[in-house]
Structures are given as C-alpha cells and as structure tokens.
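This briefing gathers points on cysteine chemistry and on the make-up of one chain. Please read it alongside the sequence and the coordinates.

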Amino acid sequence: MARTPGPDQPVDGGGEERPAWDNKLQYLLSCVGFAVGLGNLWRFPYLCQTYGGGAFLIPYIIALAFEGIPLFHIELAVGQRLRRGSIGVWTAISPYLGGMGLGCCTVSFLVSLYYNTVLTWVLWYLLNSFQHPLPWSACPLDLNRTGLVQECRDSSPVSYFWYRRTLNVSADIGDSGPVQWRLLVCLAVSWAVVYLCVIRGIETTGKAIYFTALFPYLVLTVFLVRGLTLPGAMQGLTYLFTPDLRVLQNPRVWLDAATQIFFSLSLALGGHIAFASYNPPRNNCRRDAVSIALVNSMTSLYASIAVFSVLGFKAASDHGRCLDRNILHLINAFDLPEQSVSRDTYTAALARLNASQPAEVAGLPLEACRLEDFLDKSASGTGLAFIVFTEAVLHMPGAPVWAVLFFGMLFSLGLSSMFGNMESIITPLLDLGVMPRRVPKEVLTGLACLLCFFTATCFTLRSGSYWLEIFDQYAAALNLILLAFFEVVGVAYVYGMKRFCDDIAWMTGRRPGFYWRATWKVVSPLLLLTIFLAYVALLASSPPHYKAWNPRYERFPLRQEKPYPGWVLAACVLLSFLPTLWVPVVALGQLLARCRQKTRDPPQDRCPKPRGGRAC
Amino acid sequence: MTQPDPVGSSIPIRVRKKTRAYVILTVMLPCSHRATTMRPNDNNVTREHTGRSKAKELTAIRADLCRPDAENAFKVRLSIRTALGDKAYAWDANEEYLFKAMVAFSMRKVPNRETTEISHVLLCNVTQRVSFWFVVTDPSRNHTLPAVEVQSAIRMNRNRINNAFFLNDQTLEFLRIPSTLAPPTDPSVPIWIIIFGVIFCIVLVATMLLIISGIRQHRRKNKGPSEMEDSEDKCENVITIENGIPCDPLDMKGGHINDAFVTEDERLTPL
C-alpha cells in the first residue's frame with residue numbers, strides 16, 4: 001500500500017462518495033465534543049481533590065504523554081488512512097482482527113445505553129429547574145399534613161428528590177419494580193434528540209456540534225466568574241490545588257490517573273476512527289491528536305476550577321449555617337439577647353459558658369463545625385451533579401437560572417459524547433452494508449436509536465441506577481482497556497510499524513519520530529497490560545457490592561452496603577468479557593474458514609479475485 | 001420588663017388562704033355594682049390600703065400560677081432582630097400588653113371562654129432573649145385554663161398573632177404548640193410537563209422536517225439516474241462519446257468498482 005500513491009477519490013464500500021466534513025472545525029469540534037464529556041466535570045475534580053490536589057497532575061500528565069496521546073494518534077491515523085469505521089478498519093488490517101471492530105461496536109452500544117440514561121436524568125432535572133422555589137429545596141408534606149415526609153426529614157430534601165422523586169429507587173437490586181413513566185418519557189425525548197442530531201450522520205451532527213460543543217464552555221465561564229465572586233470560593237480552590245506530594249507513593253493514584261486519561265479521551269470505542277474516516281486523506285492527524293488531547297485536559301482543569309469554586313462556596317455556607325445552629329442553641333438555652341453571639345465570637349462565648357455552666361452546655365446538641373470537614377465532603381459522578389451541586393445552587397441568588405444553566409451544560413456535554421458513541425455504531429454498520437443500498441440512512445439511524453431506546457428502558461426500572469453502576473464499572477472499563485491493548489499491538493506488530501510510519505508520512509508529510517515509535521511499540525502496550533492486570537486485581541480483591549438506598553436501614557441516611565446476588569454477578573462477568581470475546585471468536589472463525597478453503601481448493605500462488613474484492 | 005414578685009413565695013399558707021377568701025369578696029363587689037363607676041375617691045384611706053395589699057396578694061397568687069414549667073404554662077420565644085433587622089422594635093411593657101391582648105382575644109373565640117379579659121393573661125420570666133412564660137387564668141383567677149384549650153385557641157389565631165408583631169411561625173415560637181403547616185401550592189399542571197411538551201413538540205417537528213427533506217432529496221436523486229439510464233440504453237445501441245469516454249468500457253450496470261483503484265488484495269497483510 002505504501003507503494004501506491006494512495007486513493008485520490010474517496011470511495012466507501014457502497015461505491016457512493018463517502019460523506020465528508022464541511023470544514024476542519026466541524027471535525028475538531030466533533031472529536032473534542034466526543035472526548036469532553038461528563039467525566040471531565042465530575043470525575044477529574046474529584047480525583048484531583050482526593051489525590052493531593054496539584055500533585056495529581058504529575059501522574060496525569062505522564063499518563064497523557066505515554067498512553068493517551070499515542071493511542072489517540074493511532075486511532076485518528078488508522079481511521080483517516082483506511083477510511084472505514086472500526087469494523088472495516090480492523091478487518092482491513094487483518095481479517096483475524098475483525099473481531100476487534102465488532103467488540104468496539106458492542107462496547108459502544110452498551111455505553112450509549114447507559115450514557116443516555118444519565119442524560120435522561122439530567123433532562124428530568126432540567127425540566128424541573130424552571131420553577132421557583134426549586135422542587136429540591138424543601139421537603140414535601142406527608143399525607144395528613146402534620147409534618148414533613150419521614151424519609152426526607154431523615155436525609156435531606158436534595159437526597160430525597162434524587163432517590164425518591166427522580167429514581168424512585170428500590171432498596172434492593174433484585175426488586176425491580178415497575179417502569180417509572182416519568183423517566184420513560186424523558187428517555188424517549190432524550191433518544192429523540194439524539195436521533196434528530198445523528199439522523200443523517202455527520203451531515204447533521206456537524207451542524208449540531210457547533211452548539212453542543214461550544215455551549216458548555218460558555219456556561220463553564222459563566223460559572224467560573226460567578227463562582228469566583230462567591231464567598232468561600234478561594235478556600236475551596238486552595239484546598240483543591242494544594243499539592244500533597246506524598247500521595248504519589250500510593251499506586252492507586254497512578255492507576256486512577258491512567259484510567260482517567262483513558263476514559264476521558266474516549267479511546268477504543270471506535271468513535272474517533274469513525275470521525276477520522278470522513279477526513280480528507282492528507283490531513284495532519286498528528287497535530288490533531290496532540291491538540292485535541294491537550295484541549296481535553298485543559299477543559300478538565302478549567303471545569304475543576306469552576307466546580308470547586310462553587311463547592312468551596314457551598315462548604316463555607318454550610319459551615320456558616322452549622323455555626324448559626326450552634327449559636328441558636330446557646331442563645332435559646334441561656335436566654336442571651338439575639339445576635340449577641342456572632343460567628344466570630346462563637347468560640348469565645350462557648351468557652352465562657354462552658355467554664356461557668358459546663359453541665360448545661362454538655363446537655364446541648366452542639367455539632368462540631370470545622371470548615372475542613374465540609375470541604376472534605378467531595379463526591380464524584382452522579383452524587384456530585386445531582387446532590388452536591390444542586391444543593392450548592394440552592395443557596396446562590398437566582399437559583400433557578402443557575403440550575404437551568406448547569407443542567408443545560410450537562411445535557412449538551414453528554415449529547416456531544418453521544419454523537420461519537422452513535423457514530424461508532426452507525427458508521428461500521430453502514431460500511432458493512434447491513435441495509436440494502438436503496439434504504440436511506442435515516443432508516444438505519446432510526447432503527448439503531450429505536451433499538452437502543454427499547455433496551456435502555458431497563459434502566460428506568462426502580463433498580464435502574466444499580467444496573468447503571470454495574471454497566472459503568474464492568475461493561476466499559478475492562479473491555480476498553482483490552483481492546484486498546486489489541487489496537488496498539490495490532491497496529492504496531494500485525495500491520496507493521498514501518499508500513500504505518502510510511503502511511504503517516506504520506507498523510508502528514510513527516511515520519512513519526514522516536515517518541516511515537518517507542519510508545520507504540522513498547523511503552524503503551526506495557527502500560528495497558530499493567531493497567532488491565534491492576535484493574536482486575538482491584539476488582540477481585542473485594543467482593544463486589546453496591547450501596548443501596550434503604551429507608552428502613554438502621555443507619556439511614558447512610559447507604560447500606562449489600563453484596564450482589566449470584567445472577568447479578570453472572571451478568572457482571574458476562575458484561576466484562578462478552579464484547580472482547582468477539583476477538584478470539586472471529587479469529588478462530590477466520591482460521592477455520594481458511595483451513596476449509598485450503599483443503600477444498602488446491603494451493604495456488606494467487607487466487608483470482610471476485611468482483612466483490614474478497615480476498616482468499 | 002417586669003420582675004417576678006418574690007413576695008408571694010414567703011407568705012405562709014394559712015395567711016394565703018385567708019387572703020384568697022378576702023380577695024373573692026372584694027372582687028365580687030365591683031362586679032355587682034357595674035353600673036356605678038369605680039372612682040378611687042370613693043374609697044377611704046383604709047380601703048385604699050387594703051386595696052394595695054390586695055394587689056400585692058393578687059400578684060403573689062399570679063406569680064404562683066405563672067412560673068417556668070408550671071402546669072398549663074407555655075414558653076414563648078421571639079426573634080425580633082432576626083425577623084426585622086434594622087426595623088426591630090424593642091420589647092417593652094406595651095408590647096407585652098399587646099401580647100396579652102392577642103392571647104385574650106384568641107381565648108375569647110373559644111366557646112365558654114368569651115369572658116376572658118387581658119388581666120387574666122399572666123406573663124412571667126421575661127428574658128433578654130425575649131422569651132417568657134404565660135398562663136391564662138379563669139375569671140376567678142384561682143386556676144389556669146387547661147393547656148389543650150389554650151393550645152387550640154392559639155393555633156386557630158396564630159396568623160393574626162404573628163401579624164400583630166410582624167413575625168412568622170419561626171420567629172414567634174410557642175414551644176409545645178405546633179404550628180399548622182401551610183398546604184402545598186401545587187399548580188394544576190406540573191411545570192415540568194409543560195416544558196417537556198414544548199421540547200417534545202420542537203424535536204418532533206424538526207425530525208419530521210428533516211425526514212421530509214431527506215425523502216425529497218432521495219426522490220430527486222432517483223429521478224436523475226433514471227434519466228441517465230435512458231441515455232445509457234442509447235449508448236448500448238450506438239457507441240456515443242460521453243465526455244470523451246466511450247460508453248461501453250464504463251459498464252454502468254456491472255457495479256461501480258473502478259479497476260484503476262487499488263485492489264483489496266494489496267491492502268491486506270499477507271497471510
């Protein structure tokens with residue numbers, strides 16, 4: 001292939017002209033939108049805070065340099081060169097590796113199922129944000145209107161709204177309960193919006209991406225400006241970024257940094273391959289890879305500054321309210337004049353009263369109010385978005401506006417990632433030609449979205465959120481790491497490093513240097529293998545359990561830790577390995593087909609090629 | 001700010017009983033002569049003297065009835081500065097009078113208690129917090145009214161009591177009297193359904209438009225090649241030149257594979 005000058009006319013399997021991006025900006029924005037997702041907002045700041053603030057950036061940057069960027073470059077280069085979706089690309093590299101494309105497609109399908117369910121939850125919150133006061137600001141009254149609902153009183157209005165009014169979660173994963181119609185209609189709208197945007201492939205996503213990729217940056221800037229002007233923001237930021245270099249000795253930090261950069265760039269899903277396949281063949285994919293990866297990391301940092309300034313405000317206001325409650329107890333118990341004890345003089349007043357009347361002071365229900373305790377209350381994932389941040393928004397002046405902006409931003413972040421997920425499913429199917437040519441593309445995308453919608457209704461059951469955690473942990477993580485490992489090995493060793501470097505030289509005008517070749521051949525595969533083994537060891541070290549929301553638990557509102565029942569464990573194992581099983585299955589199938597071919601036909605130097613281009 | 005009278009606690013019981021009987025008599029007299037006005041000048045000095053000592057005994061008895069944690073007594077706590085900030089008023093004897101008036105007003109609304117007077121409401125233990133205890137006595141001023149009656153009376157008129165002081169249920173607290181919670185103000189149609197309807201309609205309309213425009217494009221493309229096919233049939237019979245290329249080698253019906261393009265075989269890794 002290196003001998004021929006390369007294809008001048010873009011042709012795909014159907015013979016029609018392959019769709020192309022309107023301009024380079026659409027392509028870049030699509031890749032950035034796919035890479036920048038909800039994880040940048042709610043996973044990276046949590047990791048930064050848990051693992052010693054600024055010190056976490058060291059393993060993060062190392063992982064970015066030795067794992068993230070090289071893998072990303074491979075995906076873009078391979079997609080751009082071979083101009084196919086993931087199935088076609090790997091089949092073209094070697095028919096034995098065709099299973100990888102199927103594996104990528106399956107993992108993309110599973111990921112899009114639960115990712116869009118998260119968007120459903122975001123949409124539900126967005127719909128409920130258009131009112132004042134916000135519905136999660138106060139507990140509802142109970143049935144005979146003598147008090148507040150028990151469950152809400154014991155936990156908090158925000159938690160109650162999330163677990164009861166949104167999810168209506170059951171206390172056990174085995175207790176599925178009925179489909180929640182509110183979530184079902186939001187799911188329908190969610191998938192309808194996705195369908196509307198991917199209906200004609202990149203022709204429509206290319207237009208939609210202008211909004212969905214840029215709107216989050218606008219909102220993040222607004223939140224940053226607002227957050228920095230709130231009291232307590234600087235405490236939150238200093239707490240976040242104060243480096244603690246001792247954490248680098250903990251191997252868990254390196255594992256989390258590596259997995260974070262891996263999932264943050266959305267590698268091994270096949271989406272970037274699909275996007276790059278619509279590029280003109282001579283395009284500098286190396287520069288694209290480096291710039292998109294850097295934009296993704298910068299976005300993570302930017303988002304964490306915005307998020308933590310708001311969380312610092314929340315911690316400061318919670319701390320202030322804690323002090324106010326203690327002051328009220330003191331004033332009521334000792335009948336002191338109102339406002340005689342302020343937040344600053346509280347400790348002095350308490351000491352004075354404790355010296356004079358210790359018995360009475362001991363009888364008061366005073367809480368220990370330390371700002372660090374409130375700053376430590378970090379959360380990641382849905383806990384951050386739907387519980388912690390919604391509570392922070394309640395105390396900002398003009399709360400509905402901020403709630404609408406926040407959930408609108410989350411929705412468009414998730415939507416741009418969904419485009420990549422859907423493209424990684426639809427492009428390979430289009431290239432395979434599963435539908436007859438006269439059936440328009442809209443039908444294929446419609447059928448794909450409909451199938452995903454019906455399958456995703458299982459997440460709208462009462463136990464749906466528990467299943468979503470399972471999908472997130474088991475379906476995506478292990479499979480993607482394995483598939484990425486096979487990707488690197490497939491390109492570096494099966495395709496051939498020399499041939500690949502020649503292809504890149506043809507596309508970009510420059511051969512890849514020593515850094516690229518070293519990482520592709522040695523560093524990245526080793527890193528990926530290490531990560532995979534460490535991840536498996538981590539999962540196997542503790543028996544899998546989940547945290548259930550059980551109002552009848554004696555330590556409610558703490559969540560009850562329960563082990564998974566046997567059939568759920570079986571499902572976890574299936575999810576972990578089924579998508580990757582495509583690789584050996586297809587390889588074996590090809591081997592058997594070839595053996596049968598060899599025994600049937602006499603051995604020849606070169607078989608005559610049928611018109612369809614199928615090699616022997 | 002009135003201070004509790006310590007005198008009542010030092011009077012021996014026997015004396016108290018006597019004075020109580022005495023008090024009843026003296027109280028009954030003005031009631032029977034309601035038409036005539038009670039002019040202090042009518043009383044001679046001895047009567048005034050007994051009146052003053054009777055007043056002391058009255059306050060002594062009232063102090064007995066109203067004390068912290070007494071039977072049928074309620075503690076009230078006001079947070080005026082929290083509620084009104086700069087516009088906070090000072091709590092003085094006049095405000096207490098208003099409070100007594102509001103409580104008496106509430107009691108008068110209860111059947112059988114229409115004769116409650118302001119003087120029947122006793123306040124004690126007023127602190128700087130602005131908290132105090134109160135009881136409501138019956139007309140005989142012997143004993144206090146049952147807590148249940150007082151509680152229900154206050155609950156019925158809580159709103160008016162709050163408004164008299166520009167406070168609300170949280171800043172004017174009656175401990176042990178729970179306030180009736182406001183009924184939820186649910187709109188007839190939940191707001192989220194309205195927004196949902198709007199978004200759904202927009203998405204549906206946009207999807208329909210895209211599908212229809214796609215169908216139109218498809219029809220236009222189908223019409224185009226069919227016209228091309230007519231000219232190809234002519235090509236089959238007559239070797240015409242289209243754009244300098246003879247029609248035959250193009251072989252439109254045999255598929256769109258361009259033999260000049262790189263073949264599949266060379267792309268594959270040799271096995």
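UniProt positions are given in the numbering used here, feature names are shortened, and annotations may be inferred rather than shown by experiment. With that in mind, an unreviewed UniProt entry places the feature "transmembrane region" at residues 189-212 of chain B. The coordinates come from a predicted model, and the structure holds 2 disulfides over all chains.

**Chain B**

- In the span that UniProt annotates as "transmembrane region", residues 189-212 of chain B, the model is 92% helix and 0% strand, and the C-alpha atoms at the two ends lie 34 Å apart.
- Chain B contains 10 helices and 6 strands, and of its 271 residues 28% are buried.
- When contacts in chain B between residues at least 6 apart in sequence are considered, 61% of them join residues at least 24 apart.
- The exposed area of chain B comes to about 18200 Å², of which carbon and sulfur atoms supply 58%.

**Disulfide of A:Cys139 and A:Cys152**

- The sulfur atoms of A:Cys139 and A:Cys152 lie 1.9 Å apart and form a disulfide, which is left-handed because the torsion about its S-S bond is about -85°.
- This pair links distant parts of the chain, 13 residues apart, with A:Cys139 in the loop between helix H6 (98-127) and helix H7 (150-154) of chain A and A:Cys152 in helix H7 of chain A.
- Both partners fall under the 20% cut-off for buried residues, since A:Cys139 has a relative accessibility of 17% and A:Cys152 has a relative accessible area of 1%.

**Disulfide of A:Cys322 and A:Cys369**

- A second link joins A:Cys322 to A:Cys369, with an S to S distance of 1.8 Å, and with -80° about the S-S bond it is left-handed.
- Because A:Cys322 lies in helix H14 (residues 285-334) of chain A and A:Cys369 in the loop between helix H16 (358-363) and helix H17 (371-376) of chain A, the pair ties together parts that are 47 residues apart in sequence.
- A:Cys322 counts as buried at 1% relative accessibility, and A:Cys369 likewise counts as buried at 18%.

**Other cysteines**

- The cysteine sulfur closest to that of A:Cys186 is in B:Cys201, and because the separation is 15 Å, it is too far for a bond.
- A:Cys186 has a relative accessibility of 0% and therefore counts as buried, whereas A:Cys595, with a relative accessible area of 44%, is partly exposed.

How values were computed. Residues numbered from 1 in each chain as written. Chains lettered and ligands numbered in written order. Predicted model: local features only at pLDDT ≥ 70, side-chain atom pairs only at ≥ 80, totals over all residues. Heavy atoms only, no water. Helix = DSSP H or I, 4+ residues; strand = E, 2+ residues; numbered from the N terminus. Buried < 20%, exposed > 50% of the residue type's maximum accessible area, 1.4 Å probe, protein only. Contact = heavy atoms within 4.5 Å. Areas by Shrake-Rupley, 256 points an atom, 1.4 Å probe, with all protein chains shown as cover. Disulfide = S-S within 2.5 Å.
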